[in-house]
Amino acid sequence: MAISFDNALGIHEKAVGLRIQRAEILANNIANSDTPNYKARDIDFKSILQGVQQDGQQPLPMARTREGHNSGLINPEFAAELMYRTPSQPSVDGNTVDVQEEMARYTKNAVDYQASFQFLNKKFKGLSNAIRGE
């Protein structure tokens, strides 16, 4: 009998991947905190994870019309899911990044990533124990 990793690991594998994507997006926001007219972006983790859970597949990939398009830190497959953040205080230069808020979101995402990773690790340990007959 073959082991289906999709069934065995559940949603945890996809959650870890989404947490990695979100960390890239938040780090990109922090890195561009002094860039004029830069608009902070984020993903709606819950809606993406629910879509992946229901459909069993990643969000629709974007079409690339030129090789140079979508060559940033952010995976182009998630670009459609990115949302612009509404700033709590307007900036004179048009930048919507609030560094303290972004750092707090990044830290929370890192803690959530660690939790998802630990769940995934426990799943693997359980599978390993089952294979060994323990």
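Trainee: Which helix holds both tyrosine 113 and phenylalanine 117, and how many residues apart are they?
Mentor: Keep in mind that this is a predicted model. The two residues are about one turn of the helix from each other, or 4 residues apart. Their shared element runs over residues 99-132, and that is helix 4.

Trainee: Do the rings of tyrosine 113 and phenylalanine 117 count as stacked or edge-to-face?
Mentor: A search of the whole structure turns up 1 aromatic pair. Tyrosine 113 and phenylalanine 117 make up an aromatic pair with 6.1 Å from centre to centre and 20 degrees between the planes. Planes under 30 degrees apart earn one label and those over 60 another, so this pair is stacked.

Trainee: Is phenylalanine 117 buried, partly exposed or exposed?
Mentor: Buried needs a relative accessible area under 20%, and exposed needs one over 50%. Tyrosine 113, its ring partner, has 27% and counts as partly exposed. Phenylalanine 117 has a relative accessible area of 40%, so the class is again the one in between: partly exposed.

Trainee: Where does arginine 22 sit, and is arginine 22 buried or exposed?
Mentor: Arginine 22 belongs to helix 2, which covers residues 12-31. Its relative accessibility is 12%, and the limit for the lowest class is 20%. That value falls under the limit, so arginine 22 is buried.

Trainee: Which residues does arginine 22 touch, leaving out those up to four places away in sequence?
Mentor: Leucine 82 is 60 residues from arginine 22 along the chain, yet their C-alpha atoms are separated by 9.7 Å. For actual touching, you look at heavy atoms within 4.5 Å. With residues up to four places away not counted, the list is Asp42, Ile43, Arg105 and Asn109.

Trainee: Which ring does the charged end of arginine 41 sit over?
Mentor: Here you look for a charge placed over an aromatic ring. The charged end of arginine 41 is 4.4 Å from the ring centre. That ring belongs to tyrosine 84.

Trainee: What is the phi value of asparagine 37?
Mentor: Most residues other than glycine have a negative phi. Asparagine 37 lies in the loop between helix 2 and strand 1, and at 54% relative accessibility it counts as exposed. Its phi is positive, near 65 degrees.

Trainee: What pattern of helices and strands does the protein follow along the sequence?
Mentor: There are 4 helices and 2 strands to place. Among contacts between residues at least 6 apart in sequence, 74% join residues at least 24 apart. Read along the sequence, the pattern is α-α-β-α-β-α.

Trainee: How many residues lining the largest pocket are nonpolar, polar and charged?
Mentor: The largest pocket holds about 150 Å³ of space. Its lining includes Ser33, Pro87, Gln89, Asp93 and Val99. Sorted by type, the lining residues come out as 4 nonpolar, 6 polar and 2 charged.

Trainee: And how do the residues lining the largest cavity divide by type?
Mentor: Rolling a probe the size of a water molecule over the atoms shows where empty space is left. The search finds 1 cavity of 30 Å³ or more, and the largest cavity has about 40 Å³ of space. Among its lining residues are Arg85, Asp98, Glu101, Glu102 and Arg105. The lining divides into 1 nonpolar, 3 polar and 5 charged.

Conventions. Residues numbered from 1 in each chain as written. Predicted model: local features only at pLDDT ≥ 70, side-chain atom pairs only at ≥ 80, totals over all residues. Heavy atoms only, no water. 1 Å grid on protein atoms, 1.4 Å probe; cavity = no way out; pocket = protein on both sides within 12 Å on 5 of 7 lines; lining within 4 Å. Points joined across faces, edges and corners; volume = space filled by probe spheres on them. Nonpolar A, V, L, I, M, F, W, Y, C, P; charged D, E, K, R; others polar. Buried < 20%, exposed > 50% of the residue type's maximum accessible area, 1.4 Å probe, protein only. Phe/Tyr/Trp six-rings, centres within 6.5 Å; stacked < 30°, edge-to-face > 60°. Lys NZ or Arg CZ within 6 Å of the ring centre and 35° of its normal.
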